[in-house]
Amino acid sequence: MASAAPSPASRIAIVTGASSGIGAATARQLAAAGYRVVLTARRKDRIEALAEEINAAGHQATAYPLDVTDRAAVDEFASAFKTVGVLVNNAGGALGADPVATGDPADWRSMYETNVIGTLNVTQALLPKLDASGDGTVVVVSSTAGHGTYEGGGGYVAAKHGAHVLAETLRLEIVGRPIRVIEIAPGMVRTDEFALTRFGGDETKAAKVYEGVAEPLTADDVADTITWAVTRPSHVNVDLLVLRPRAQASNTKVHRDL
């Protein structure tokens, strides 16, 4: 099926957490699909460099430094738009892999603030703009962690389950309005930063996550899936799409050639 070209009223796509990984890849692919992308993240230098790259390729991109957990800053950002076509809530991440008994409450709080409250902040601020477009789409990038528990993942699982429930509830509450709510839940994705950040920069622990797995998902794989879902005809809503590498059957069942 051919992709649906964005209508003039819905050509702006905002991507949070666009400084690296899935967010950056999604910004590139949505720009190539014809959207004017707005890149947000805390790291100003990263998103400005990405915007320059996208513009140099003949597409349209703007960088806007933003911390999604800062509600006042989010509201100020949202006030710049009359209409928005697509919001990709990608900002998030994991911290630590300790059991519940010894997990750091500060890590749990930080994950909840970014993955859930950050998504809530941006979605609430932009819902009127998405509505005004007449053809809006909210994407929540959750995780298979939000759909199944695993040892050492309590804080991250709780946060991503919160993101999943947010998307599911929002879809119920705004049915009848011209806004789709799509949840994309990736499994094992190998990016430059995710596992490294989770393990506090410990490269050995980060490498262990992917050890023996021939082909984990890439950021481009997930971005391609997001772009496909967003560019379906307006009446088609991809409620929930779970994607994993072939080597991963569940959060705890992974084939490794060791």
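**Notebook: salt bridges, cores and aromatic rings**

I began with Arg28, which at 36% relative accessibility counts as partly exposed. The model I am reading is predicted, and I keep that in mind for every entry below.

*Entry on Arg28 and its partner.* I looked up what the side chain of Arg28 meets, and found a salt bridge with the side chain of Glu53, at 2.6 Å from N to O. Arg28 sits in helix 1 (residues 21-32) and Glu53 in helix 2 (residues 44-56), so that the pair, 25 residues apart, links distant parts of the chain. Glu53 is partly exposed as well, with a relative accessible area of 39%.

*Entry on the other salt bridges.* How many salt bridges does the count come to? I noted eight, and I followed two further ones in detail. In one of them Glu193 is joined to Arg46, with 3.3 Å between the closest N and O atoms. Glu193 belongs to the loop between strand 6 and helix 6 (194-198), whereas Arg46 belongs to helix 2, and the two are 147 residues apart. I have Glu193 down as partly exposed at 22% relative accessibility, and Arg46 as partly exposed at 34%.

In the other, Arg177 forms a salt bridge with Asp131, and here the closest N and O atoms are 3.0 Å apart. This pair also links distant parts of the chain, since Arg177 is in the loop between helix 5 (154-173) and strand 6 while Asp131 is in helix 4 (residues 105-133), 46 residues apart. The relative accessible area of Arg177 is 37%, which is partly exposed, and Asp131 counts as partly exposed at 24% relative accessibility. I then checked for shared partners, and found that Arg43, Arg46 and Glu193 are joined by their salt bridges into one network.

*Entry on the nonpolar cores.* Which residues of the largest nonpolar core touch the most other members? The core has 35 residues, and the answer is Val37, Leu39, Ile184 and Ile226. I took Ile184 further: leaving aside its neighbours within four places in sequence, its contacts include Val139, Val140, Val141, Val222, Ile226, Leu241 and Leu243, and also Ser142, Ser143 and Thr225. Apart from this core I noted another, of 25 residues, with Ile12, Ala125, Leu126 and Ile174 among them.

*Entry on strands 6 and 7.* Strand 6 (residues 179-186) and strand 7 run parallel and are joined by four bridges. The bridge partner of Ile184 in strand 7 is Leu241, a residue that also appears among the contacts of Ile184. In strand 7 (residues 240-243), Leu241 and Leu243 make up the covered face, and Leu240 and Val242 the uncovered one. This fits the general pattern, in which the side chains of a regular strand alternate between the two faces of the sheet.

*Entry on the aromatic rings.* I found three aromatic pairs in the structure. For one of them, Tyr64 with Phe77, the centres are 4.7 Å apart and the planes make an angle of 55 degrees, so the pair is tilted, the edge-to-face class being kept for angles over 60. Because Tyr64 lies in strand 3 (residues 60-65) and Phe77 in helix 3 (residues 71-78), the pair ties together parts that are 13 residues apart in sequence. Is each ring buried or partly exposed? Tyr64 is partly exposed, with a relative accessible area of 28%, whereas Phe77 counts as buried at 2% relative accessibility. I closed the entry with Phe81, which forms one aromatic cluster with Tyr64 and Phe77.

How values were computed
Residues numbered from 1 in each chain as written. Predicted model: local features only at pLDDT ≥ 70, side-chain atom pairs only at ≥ 80, totals over all residues. Heavy atoms only, no water. Phe/Tyr/Trp six-rings, centres within 6.5 Å; stacked < 30°, edge-to-face > 60°. Buried < 20%, exposed > 50% of the residue type's maximum accessible area, 1.4 Å probe, protein only. Core = buried A, V, L, I, M, F, W, Y, C linked by side-chain atoms within 4.5 Å. Contact = heavy atoms within 4.5 Å. Pairing = 2+ DSSP bridges. Salt bridge = Lys/Arg side-chain N within 4 Å of Asp/Glu carboxyl O.
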